[in-house]
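Student: Could you take me through one helix of this structure in some detail? I would like to see how it sits in the rest of the fold.

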Amino acid sequence: MSDCKKKSTLYEHKRYIVNLLQTLKKNRKTLISDFNNEALHDFRVALRKLLSIDVLSAKTLGFCFDNRLKSKLKSLIKESSILRDIEELLFFEPKMAESLAATREAYQKEFISKLNIADFEVEILHSYHATYQTLKLEQARIQDFKEAALETIIESISKTAKRFVKILKTQNVNFDELHFVRKRFKSYRYQLDFLFLSANEGSIVCKRAQDKLGKVNDFRVWLRSEEHTS
């Protein structure tokens with residue numbers, strides 16, 4: 001690969017990260033000023049993509065977010081997941097709106113307070129800047145990174161697929177385990193999209209698995225709504 005091509009590839013990956021950070025910042029501001037589920041969804045997707053890419057970077061380049069930043073980002077995902085679960089419960093059982101109103105308001109208030117004081121976009125940018133400055137100085141590592149990253153993703157998909165088959169063979173299906181598998185396929189999809197900078201067959205396959213398991217997860221949420229109302 002020519003130096004010009006390597007530099008172009010490096011720039012495109014940097015732009016990919018910058019676009020995710022812009023999406024993150026835009027939806028963070030929206031959630032603070034006018035909280036809505038669409039902004040929450042877009043915020044969560046951008047954050048999950050960044051965390052998925054960070055995992056890939058750690059396994060292939062040895063660079064990753066420091067533990068403090070990683071803990072902060074995972075905490076935002078966890079708290080936003082609770083808000084998402086409440087909305088899904090209300091979708092299946094609207095009558096629970098009144099009983100869950102106080103809980104939803106408390107989680108939403110806590111989540112927004114963290115978004116207000118957070119400056120994680122800058123922290124993420126600084127972390128990636130150090131990574132790409134290193135790659136810029138060592139252009140030969142770019143192709144090595146792509147090859148190692150693809151091998152890592154394929155190996156991870158294979159392990160998760162085997163885990164999926166094992167779950168399905170059990171007499172009592174564990175829905176939480178299936179939800180975990182779904183999140184893994186989603187992560188692999190994000191990693192492949194970053195690696196190839198466009199739609200690719202591997203990403204499409206992961207998306208199909210994610211969508212099918214998403215229907216299973218909807219069933220899991222419905223069962224929990226039934227438990228709440230019984």
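Tutor: Here is a close look at helix α4, followed by the core to which it contributes. Please keep in mind that this is a predicted model.

Let's start with the geometry. Helix α4 has 21 residues and spans 29 Å from its first C-alpha to its last, close to the 30 Å expected at 1.5 Å a residue. There is also a kink of about 30° in α4, and its centre is T103.

Now for the side chains. L100, F111, I112 and L115 are buried in α4. A101, which also lies in this helix, is partly exposed, because its relative accessible area is 33%, between the 20% limit for buried and the 50% limit for exposed. From A101 to I86 the C-alpha to C-alpha distance is 9.5 Å, with the two positions 15 residues apart in sequence.

F111 deserves a longer look. Leaving aside its neighbours within four places in sequence, F111 is in contact with L31, F35, L40, F43, L76, E79, S80 and L83. In the largest nonpolar core, which has 45 residues, F111 is one of the three that touch the most other members, along with F43 and I124. The elements giving two or more residues to this core include α4, as well as α1 (3-33), α3 (67-92) and α5 (120-137). The most comes from α2, with nine residues. As general background, nonpolar side chains tend to be buried together in soluble globular proteins.

Terms used
Residues are numbered from 1 along each chain as its sequence is written. This is a predicted model: local features need pLDDT of at least 70, side-chain atom pairs count only at pLDDT 80 or more; totals for chains, interfaces and linings use all residues. Side-chain values use heavy atoms; hydrogens and water are left out. A nonpolar core is a set of buried Ala, Val, Leu, Ile, Met, Phe, Trp, Tyr and Cys residues joined through side-chain atoms within 4.5 Å. Buried means under 20% relative accessible area, exposed over 50%, partly exposed in between (1.4 Å probe, protein chains only). Helices (H or I, at least four residues) and strands (E, at least two) are DSSP runs, numbered from the N terminus. Contact means heavy atoms within 4.5 Å. The expected span of a helix is 1.5 Å times one less than its number of residues. The bend at a residue is the angle between axes fitted to the seven residues ending there and the seven starting there.
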